[in-house]
Amino acid sequence: NESKYKNEIVEISNELMATYLKYMPIVKDVLVQNEIVKESDFSSQRVFENTLNAKTFDILRYLLPSNVSTSLWASFSTRTLEWHLTYMLSHELLEVRTIAASMHAEALKLSPGLLKHVWISDYEISRRSKLEKYVEELLWVTKEVNEEELGLFAWIEDEDRVSVIFEWDLDEHICASLIFDAWRKDGISYDEALDIVSEMWIWDKKELMMVALNWRWAHDRMPKALQHSSIMFEFLVDFWAYRDLQRHRATKQIWQWATAIHGYDYPEYIDLPWMEAFKDDYDNIMTEATILSNKVIKENSYLSEYVCALWHLVRTTFEMDPGQVAYVLEMRTTPQGHHSYRRLFIQAYRELKKLAPIYSSFIRVGN
């Protein structure tokens, strides 16, 4: 894809990489001086250095441009691969189409019968083009960009980065599912189970859930009966963390792709003593990248994905059943979890407590 901003895109990518490399030894030294990583805590010099390198990378990796080369591994059933290849071969970006063509050529060696009809989808190309144009006109987003307002840093609090789209009384549906699953002698309907729950006192609902859920061991999943109903969270999360979180296959997800329109976050430990110069350079380069990305997105929203850094925020939805909600919250709020997503899932738990106060009490969220 060609762009009038081509030279600026290359330049900002080089600047991000240069800043990343410049501060590698400096941040490493700061972590030692502030005793975030202490050599005396480790059994050997090698373990100490490996831990120090990993912690340094945790801070600096967010400066990496989104176009940095990354190894990719994926596993598909043949039918699922068929859909993914069709989608990728019809993509706006040349890089995606090129990767898809290579994947298709290799996959044909294994399953030539099922994959021989995979090709570019005229429907996908037409649908995407027409829908984007229609929505753009509908939302009046064709106004000129005020470049002076782009890239201005505005901190977004955690509570403003997590929202819940929810329609049902989750506690009642969980109770109804437990009753429906357990009481097979009379073969009651789900509606009948809901009617029973609607007549129950709150302490009866608590007792019902306690009987069903209170005796889980550390690695026990929530029962299968909790697959009914769902809750959808919407997150503003940094791109790097999203790349990790999107691997939860039991969730339904829609994301708005890499972008800089929501601004950026800060890495951990950026306010430590001796990090002042890094924070200044970090703000400068991230603001510069944000301004450029917001110009490019008006020209080509797909091409603008290459102008972001991994610390820019992306918007995504996660829809899950109650059992999967518990699994994700318990997994992603442990003290070992990365702070960038850990604090958002702690906030998600706070939101869940408002909607399902009984059920949420049985979810073991880290402090």
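At 61% relative accessibility, Lys109 counts as exposed (over 50% relative accessible area, against under 20% for buried and partly exposed in between, with a 1.4 Å probe and protein chains only). The structure is a predicted model, in which local features require pLDDT of at least 70 and side-chain atom pairs pLDDT 80 or more, whereas totals for chains, interfaces and linings use all residues. Residues are numbered from 1 along each chain as its sequence is written, and side-chain values use heavy atoms, with hydrogens and water left out.

The side chain of Lys109 meets that of Glu106 in a salt bridge, at 3.1 Å from N to O (a side-chain nitrogen of Lys or Arg within 4 Å of a carboxyl oxygen of Asp or Glu). Glu106 is partly exposed, its relative accessible area being 47%. The two residues are three apart in helix 4, and therefore about one helical turn separates Lys109 from Glu106; helices (H or I, at least four residues) and strands (E, at least two) are DSSP runs numbered from the N terminus. By the distance rule, the count comes to 18 salt bridges.

A further intrahelical pair is found in helix 6, where Arg128 and Glu124 lie four residues apart, about one turn of the helix. Their side chains form a salt bridge with an N to O distance of 3.9 Å. Both partners are buried: Arg128 has a relative accessible area of 10%, and Glu124 has 12% relative accessibility.

Asp158 and Arg343 also form a salt bridge, with the closest N and O atoms 3.0 Å apart. This pair links distant parts of the chain, 185 residues apart, with Asp158 in the loop between helix 6 and strand 1 (162-165) and Arg343 in helix 13 (residues 339-355). Asp158 is buried, with a relative accessible area of 18%, and Arg343 likewise counts as buried at 18% relative accessibility. Elsewhere, salt bridges that share partners join Glu92, Glu124, Arg127 and Arg128 into one network.

The largest pocket contains about 2,400 Å³ of space. On a 1 Å grid over the protein atoms alone, a pocket is an open set of points where a 1.4 Å probe fits, with protein on both sides within 12 Å along at least five of seven lines, and lining residues have an atom within 4 Å of a point. The volume is the space filled by probe spheres set on the points, which are joined across faces, edges and corners. The lining comprises 47 residues, of which Leu72, Ala74, Phe76, Met88 and Gln246 lie nearest the pocket centre. Two or more lining residues come from each of helix 3 (78-89), helix 4 (94-110), helix 10 (239-245) and strand 3 (252-255). Helix 4 gives the most, with eight residues. By residue class, the lining divides into 23 nonpolar, 17 polar and seven charged residues (Ala, Val, Leu, Ile, Met, Phe, Trp, Tyr, Cys and Pro as nonpolar; Asp, Glu, Lys and Arg as charged; the others, Gly among them, as polar).

Two residues other than glycine have positive phi values: Trp257, near 65°, and Tyr269, about 70°. Trp257 is situated in the loop between strand 3 and helix 11 (276-299), and Tyr269 is also found in the loop between strand 3 and helix 11. Trp257 is partly exposed at 31% relative accessibility, as is Tyr269, with a relative accessible area of 24%.
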